[in-house]
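Dear colleague,

I am passing on the structure we talked about, and it is placed just below so that you can have it open while you read. My notes on what was found in it follow after that.

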Amino acid sequence: MTTTSAGKARLSAQQLGVVRHVGGPLLVVAGPGSGKTRVLTERVRELLISAPGHFRVLALTFANRAADEMRERLADLGSQRQRAFIGTLHGFCLEVLAERGKPVGVEGTPHIFEHFKDRQELLRKAISEDPFLQNEINEIPDPKERGNQINKWLLMISRIKSHPITCSIIEDDVSRRVLDAYDAELRACNAYDFDDLLLLTYRLLTENPKLAGFYHRLYKFVCVDEAHDLNDA
């Protein structure tokens, strides 16, 4: 394939077509090592330099490493680079909630429980304060199996929060009680978990159309790396 350049990167004709596309949604399907992040980075460059109008670009990825790589490659743009938010999906949601999260109960920058072990301890505490859940756990004779059950509940909580559409109704009473107890313990610590970042931003934008409209106008172009990893939220 004939190669040409966009910015400092060498791109094939097919890749250049992706970089220069502006007429509506575009899905790029490509395998590992094919230069997806590089092409996405050059697309952001092209939009900032060539696309007409006053707008910002929203470039989202799933790993801090990929976001850092994109920012480094675009550092030569100087002040134009400031017209793009380049970061992880969770990082963007954190910024939105810190700035405008009051309608969903977020005041200031949220404190995030990042590690699984911290969430385990939080759920254990929540269980110990709920006689019903304490009884559910105590009915499991093997201590190891009790630990496994707590881990299963944590995975269940994550699944429900990650899928607010398909899991909007929780029919199992125990699951609902576990989720409510866990969330109550989080809020008592004025804290949230990673799944809350996406869930609360989803609620914020779906329940506040004017605010959603503001972000829609602000970010004319939204570029998502590894879009196949997206969940409901």
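**Notes on the structure**

R100 counts as partly exposed, at 31% relative accessibility. The side chain of R100 meets that of E99 in a salt bridge, with 3.4 Å from N to O. Please keep in mind throughout that this is a predicted model, and that the accessibilities and distances below are computed from that predicted model.

**The chain as a whole**

The protein chain holds 10 helices and seven strands, and its C-alpha atoms fill a box of roughly 65 × 40 × 30 Å when taken along the principal axes. Of the 233 residues in the protein chain, 41% are buried. The accessible surface comes to about 13,300 Å², and carbon and sulfur atoms account for 52% of that surface. If one takes the contacts with a separation of 6 or more, 69% of them are between residues 24 or more positions apart.

**Salt bridges and the network around K161**

How many salt bridges does a search of the whole structure find? The search gives 15, and the pair of E99 and R100 described above is a salt bridge between side chains. In general, side chains of opposite charge can pair when their charged atoms come close.

Another salt bridge joins the side chains of D193 and R119, at 4.0 Å from N to O. This pair links distant parts of the chain, since D193 is in strand β6 and R119 is in helix α5 (residues 116-128), 74 residues apart. D193 counts as buried because its relative accessibility is 1%, a value under the 20% cut-off, and R119 is likewise buried, with a relative accessible area of 10%.

D196 forms a salt bridge with K161, and the closest N and O atoms of the two are 2.8 Å apart. Because D196 lies in helix α9 (residues 194-207) and K161 in helix α7, the pair ties together parts that are 35 residues apart in sequence. Both D196 and K161 are buried, and for K161 the relative accessible area is 2%.

Which residues are linked with these in a network of salt bridges? The network consists of R119, K161, D183, R187, D193 and D196, so that the two pairs just described, D193 with R119 and D196 with K161, belong to one network as set out by the salt-bridge criterion.

K161 itself is found in helix α7, which covers residues 143-162. Not counting residues up to four places away in sequence, K161 touches L179, Y182, D183, L186, D193, D195, D196, L199 and A233; D183, D193 and D196 on this list are also members of the salt-bridge network.

**V96 in helix α4**

V96 is found in helix α4 (residues 89-100) and counts as buried, at 2% relative accessibility. Leaving aside the neighbours within four places in sequence, V96 is in contact with G101, T201, L204 and Y215. With respect to the buried D193, V96 is 97 residues apart in sequence and 15 Å apart in space, C-alpha to C-alpha.

**N190, a residue with a positive phi**

N190 has a positive phi of about 55° although N190 is not a glycine. The place of N190 is in the loop between α8 (173-188) and β6 (191-193). Is N190 buried or exposed? N190 is exposed, because its relative accessible area is 53% and the cut-off for exposed residues is over 50%.

**The largest pocket and a nonpolar patch**

The largest pocket has a volume of about 780 Å³. It is lined by 27 residues, of which V18, L26, L27, V28 and V224 are the closest to its centre. At least two residues of the lining are supplied by each of α1 (13-20), α2 (36-50) and β7.

V224 appears again on the surface, where F62, V222, V224 and L230 form a nonpolar patch with about 300 Å² of accessible area together. L230 is found in the segment after β7 (219-224) and is partly exposed, with a relative accessible area of 43%.

With best wishes

Terms used
Residues are numbered from 1 along each chain as its sequence is written. This is a predicted model: local features need pLDDT of at least 70, side-chain atom pairs count only at pLDDT 80 or more; totals for chains, interfaces and linings use all residues. Side-chain values use heavy atoms; hydrogens and water are left out. Helices (H or I, at least four residues) and strands (E, at least two) are DSSP runs, numbered from the N terminus. Buried means under 20% relative accessible area, exposed over 50%, partly exposed in between (1.4 Å probe, protein chains only). Contact means heavy atoms within 4.5 Å. Patches are made of residues with over 30% relative accessible area and no salt bridge: like charges are joined within 9 Å, nonpolar side chains (Val, Leu, Ile, Met, Phe, Trp, Tyr) within 5 Å. Accessible areas come from the Shrake-Rupley method with a 1.4 Å probe; for residues, only the protein chains shown count as cover. On a 1 Å grid over the protein atoms alone, a cavity is a set of points where a 1.4 Å probe fits but cannot get out, and a pocket is an open set with protein on both sides within 12 Å along at least five of seven lines; lining residues have an atom within 4 Å of a point. Grid points are joined across faces, edges and corners, and a volume is the space filled by probe spheres set on the points.
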